[in-house]
Amino acid sequence: MSITREDVLTASDVAALLDLKPYTVKEYARRGILPGRKLGRTWRFLRPELEEAIRHLPRAVELAENSSGRRNSVRHSY
């Protein structure tokens, strides 16, 4: 696999792509939901790894929430 500069993304880049806040992207990286590497005080993400993770994201988020003790709640509107 050949990586170019365009394949290396910041948390802000990923946030813009996924329509999330940069804090959320960093939190997902800390939890292992998104593949990232911390370099000093910044996070970097590789586009090919990120694309692969996104394919499995709904399942990964569910697993992370369950392991953190959060419960999935269902809201009903009446």
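**Entry 1: a pair in α3**

I started with Arg55 and Glu52, which sit three residues apart in helix α3 (residues 47-55) and are therefore separated by about one helical turn. Their side chains meet in a salt bridge, at 2.6 Å from N to O. For the record, I call it a salt bridge when a side-chain nitrogen of Lys or Arg lies within 4 Å of a carboxyl oxygen of Asp or Glu. Helices (H or I, at least four residues) and strands (E, at least two) are DSSP runs, numbered from the N terminus.

I then looked up accessibility for both partners. Arg55 counts as exposed at 59% relative accessibility, while Glu52 is partly exposed with 38%. My cut-offs: buried is under 20% relative accessible area, exposed is over 50%, and partly exposed is in between (1.4 Å probe, protein chains only).

A note to self on what I am reading: this is a predicted model, in which local features need pLDDT of at least 70 and side-chain atom pairs count only at pLDDT 80 or more, while totals for chains, interfaces and linings use all residues. Residues are numbered from 1 along each chain as its sequence is written, and side-chain values use heavy atoms, with hydrogens and water left out.

**Entry 2: the whole chain**

I stepped back to the fold. The protein chain has four helices and three strands, and along the sequence they follow the pattern β-α-α-β-β-α-α. Of its 78 residues, 23% count as buried. I also checked the contacts, meaning heavy atoms within 4.5 Å. Among those between residues at least 6 apart in sequence, 46% join residues at least 24 apart.

**Entry 3: salt bridges in α2**

How many salt bridges does the count come to? I get four by the rule above.

Two of my entries share Glu27. Its side chain meets that of Arg30 in a salt bridge of 2.9 Å, N to O, and that of Arg31 in another of 3.4 Å, N to O. Arg30 and Glu27 are three residues apart in helix α2, hence about one helical turn. Glu27 and Arg31 are four residues apart in α2, again about one helical turn. Glu27, Arg30 and Arg31 are thus noted together as a network of salt bridges.

I checked how open each one is. Glu27 is partly exposed, with a relative accessible area of 21%. Arg30 is partly exposed at 45%, and Arg31 is partly exposed at 31%. As a reminder, side chains of opposite charge can pair when their charged atoms come close.

**Entry 4: the buried faces of α1 and α2**

Which residues of α2 (residues 22-31) are buried? I found Val25, Tyr28 and Ala29. Seen down the axis of α2, these buried residues fall within an arc of 100°, so they line one face of the helix. The arc is taken over the directions from the helix axis to the C-beta atoms.

In α1, the buried residues are Ala11, Val14 and Ala15. They cover an arc of only 105° around the axis, which puts them on the same side of α1. What covers them includes β1 (8-10), α2, β3 (42-46) and α3.

I also looked just past the end of each helix. Asp19, just after α1, takes a positive phi of about 60°. Gly32, just after α2, takes a positive phi of about 90°.

**Entry 5: how α1 and α2 meet**

Two packed helices are described by the angle between their axes and the distance between the axes. Here the axes of α1 (residues 11-18) and α2 come within 8 Å and cross at roughly 105°. Axes are lines fitted to C-alpha atoms, for helices over the stretch in contact, and angles run from 0 to 180 degrees between N-to-C directions. The two helices are therefore roughly perpendicular to each other, a label that covers 65 to 115 degrees, with under 35 roughly parallel, over 145 roughly antiparallel and the rest oblique.

Ala11, Ser12, Val14 and Ala15 in α1 meet Pro22, Val25 and Lys26 in α2. I sorted the residues of this contact into five nonpolar, one polar and one charged. Nonpolar takes in Ala, Val, Leu, Ile, Met, Phe, Trp, Tyr, Cys and Pro; charged takes in Asp, Glu, Lys and Arg; the others, Gly among them, are polar.

**Entry 6: Phe45**

My last lookup was Phe45, placed in strand β3. Is Phe45 buried or exposed? At 0% relative accessibility, Phe45 counts as buried. Not counting residues up to four places away in sequence, Phe45 touches a list that includes Val8, Leu9, Ala11, Val14, Val25, Ala29 and Leu34. I also noted that Phe45 and Ala29 are 16 residues apart in sequence and 9.0 Å apart in space, C-alpha to C-alpha.
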